[in-house]
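Hi there,

I am passing a structure on to you, with the sequence alongside. Have a look at it first, and then read my notes below.

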Amino acid sequence: MVKNGINRILSYSHLFQGKRIGLITTPTGITSEFVSTIQILHDNFNLAALFSPEHGVRGDQAAGAMVETYTDPLTGVPVYSLYRKDSKRMSTDMLNQVDMVVYDIQDVGVRYYTFIYTMLYALEDCAKAGKEFVVLDRVNPLDGLTVEGNVLKPGYESFVGNYPLCVRYGLTAGEVARMANEQKGWNAMLHVIPCAGWERNMLFPQTGQIWVHPSLGIPRFETALVYAGTCLFEGTNLSEGRGTTFPFEIIGAPFIDAERLADEMNSRGLPGVRFRPVYFKPTTSKFQGELCAGIQIYVTDTLSYRSVETGVTLMYTMKRNYEEFSYLPPVKEGSRPFIDLLCGDKLYREETGLTEMLEKFREESRDFAREKQKYHLYS
């Protein structure tokens with residue numbers, strides 16, 4: 001079975017001895033025996049602080065909820081929030097509590113997923129403060145070879161895209177940290193405790209590990225696989241399936257003709273995927289309590305399936321067929337529409353043809369795939 005960095009930490013004890021350690025983690029920070037990284041560091045080293053990203057270190061915070069400083073009841077260690085209304089950075093007071101910051105969160109390999117920016121913000125902050133930074137690396141569940149989508153452009157940075165990555169970037173968190181540290185010139189004292197046994201062509205089911213949902217919106221590996229394409233619907237007036245048992249796998253709205261949409265999408269012959277008409281009532285989020293119609297996405301071949309191209313094709317099909325379709329307005333005055341932040345560009349709102357756009361995405365992903373190779377830790 002593949003081992004993540006936390007399963008190998010005691011072989012790297014020399015890095016941690018005699019240091020006050022701060023840990024950034026979530027419930028995915030566990031060993032293959034389900035022992036939490038919090039407990040491992042608390043029992044074997046000097047765990048001086050916990051740093052909480054979105055959802056909290058124990059997963060007890062709702063999406064988007066602001067987390068205040070508190071004491072972890074199981075260890076007595078103070079918990080400082082990295083998901084505050086005014087900032088998502090490490091403050092000087094936080095950094096003064098530690099000599100080293102350790103990061104252990106399961107990533108999903110998709111640019112929109114915010115934990116990777118929690119890591120990069122902390123890495124930059126530690127570099128400025130002269131603190132060591134350790135990534136307990138974890139596998140990329142979407143493999144380390146497949147690269148899809150465009151690269152985020154300058155001026156479109158946000159917490160759903162703050163570094164020039166492709167949408168599906170084919171790197172582990174440790175590799176992203178190495179890339180950013182070099183390309184940004186941070187010169188952080190960065191250590192990556194690598195996985196053992198992971199090969200770049202492996203998807204999550206091939207690792208022998210058990211899926212622990214990194215957030216409530218990603219309950220299954222299959223969800224993570226489609227998420228790279230269907231998260232785009234968060235920037236539209238269509239339901240992305242939140243409030244159903246299949247978030248990001250079900251897309252729809254009250255004005256959709258489910259059978260027609262499924263037939264049209266299936267007729268496109270997209271690789272590795274089929275579409276089924278569905279009807280659903282979200283219990284939360286968009287169209288709460290309203291009957292919606294749409295499609296459910298079934299991945300039939302994980303190797304040939306291209307999540308970004310499938311999601312973009314689906315969005316453009318709906319945009320063309322339904323005059324009710326719209327992109328959501330900016331969250332606050334003066335900011336960009338959320339679809340631009342997800343895209344990392346304004347392309348989706350421009351009248352660019354689908355074929356032309358997908359070819360542009362392929363060109364950018366090919367260039368990124370070549371560039372990222374120099375930061376690979378795994379073959």
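Below is what I found, going from the sheet to the helices, the cores and a few single residues. Please keep in mind that this is a predicted model.

**The sheet**

A good place to start is the open sheet of 7 strands, whose order is S3-S4-S2-S1-S5-S6-S9, with mixed pairing. Its edge strands are S3 (70-71) and S9, each of which pairs on one side only.

Strand S1 (20-25) sits between S2 and S5 in that order. On one side, S1 runs parallel to S2 (residues 46-52), and 5 bridges join the two; Arg20 has Asn46 of S2 as its bridge partner. On the other side, S1 and S5 also pair in the parallel sense, over 5 bridges, and here Leu23 stands opposite Val102 in S5. S1 is mostly covered, with 5 of its 6 residues buried. Together with helix H1 (residues 37-44), S1 and S2 make a right-handed β-α-β unit.

Towards the S9 edge, S6 and S9 pair in the parallel sense over 5 bridges. Val134 is a nice residue to click on here: it is found in strand S6 and stands opposite His191 in S9. Is Val134 buried or exposed? Its relative accessibility is 0%, so Val134 counts as buried. Setting aside neighbours within four places in sequence, Val134 is in contact with Phe16, Met100, Val101, Val102, Tyr103, His191 and Ile193. Val134 and Leu190 are 56 residues apart in sequence, yet their C-alpha atoms are 5.9 Å apart in space.

**Two covered helices**

How far apart should the ends of H3 be? Helix H3 covers residues 115-129, and at 1.5 Å a residue its 15 residues should span 21 Å; the end C-alpha atoms are indeed 21 Å apart, so the two values agree. H3 is mostly covered, as 12 of its 15 residues are buried. The buried residues run from Phe115, Ile116, Tyr117, Thr118, Met119 and Leu120 through Tyr121, Ala122, Leu123, Glu124, Asp125 and Cys126. Glu124 and Asp125 are worth a glance, since both are among the buried residues of this helix. What covers the buried part of H3 includes strands S1, S5 (100-104), S6 (132-136) and S9 (189-193), along with helices H2 (92-95) and H4 (173-183). After H3 comes Gly130, which has a positive phi near 70 degrees.

Helix H7 (residues 307-321) also has 15 residues and reaches 21 Å from its first C-alpha to its last, close to the 21 Å expected at 1.5 Å a residue. Of these 15 residues, 12 are buried, so H7 is largely enclosed by the rest of the structure. Among the buried ones are Val308, Val312, Leu314, Met315, Tyr316 and Met318, and also Ser307, Thr310 and Asn321.

**The nonpolar cores**

The largest nonpolar core has 100 residues, and those that touch the most other members are Phe51, Met119, Val312 and Tyr348. H3 supplies the largest share of this core, with 9 residues. There is also a second, separate core of 20 residues, which includes Ile6, Ile21, Leu50 and Ile193.

If you would like one residue to explore in the largest core, try Tyr348. Leaving out neighbours within four places in sequence, its contacts are Leu232, Val312, Met315, Tyr316, Lys319, Tyr327, Ile339, Cys343, Met357 and Phe361.

**Two backbone oddities**

Most residues other than glycine have a negative phi. Which way does phi go at Phe248? Phe248 has a positive phi near 70 degrees, and it is not a glycine. Phe248 lies in the loop between helix H5 (221-230) and strand S10 (250-253), and at 1% relative accessibility it counts as buried. Phe287 likewise is not a glycine but has a positive phi, of about 60 degrees. Its place is in the loop between strand S11 (273-280) and strand S12 (292-299).

**What the record says**

An unreviewed UniProt entry places the feature "domain: Peptidoglycan beta-N-acetylmuramidase NamZ C-terminal" at residues 225-378. In the model, that span is 36% helix and 13% strand, and its end C-alpha atoms lie 21 Å apart.

Happy browsing, and best wishes

Technical notes
Residues are numbered from 1 along each chain as its sequence is written. This is a predicted model: local features need pLDDT of at least 70, side-chain atom pairs count only at pLDDT 80 or more; totals for chains, interfaces and linings use all residues. Side-chain values use heavy atoms; hydrogens and water are left out. Helices (H or I, at least four residues) and strands (E, at least two) are DSSP runs, numbered from the N terminus. The expected span of a helix is 1.5 Å times one less than its number of residues. Buried means under 20% relative accessible area, exposed over 50%, partly exposed in between (1.4 Å probe, protein chains only). Contact means heavy atoms within 4.5 Å. UniProt positions are given in the numbering used here, feature names are shortened, and annotations may be inferred rather than shown by experiment. Two strands pair if DSSP finds at least two bridges between them. A crossover is right-handed if, with the strands pointing away from the viewer, the path from the first strand over the helix to the second runs clockwise. A nonpolar core is a set of buried Ala, Val, Leu, Ile, Met, Phe, Trp, Tyr and Cys residues joined through side-chain atoms within 4.5 Å.
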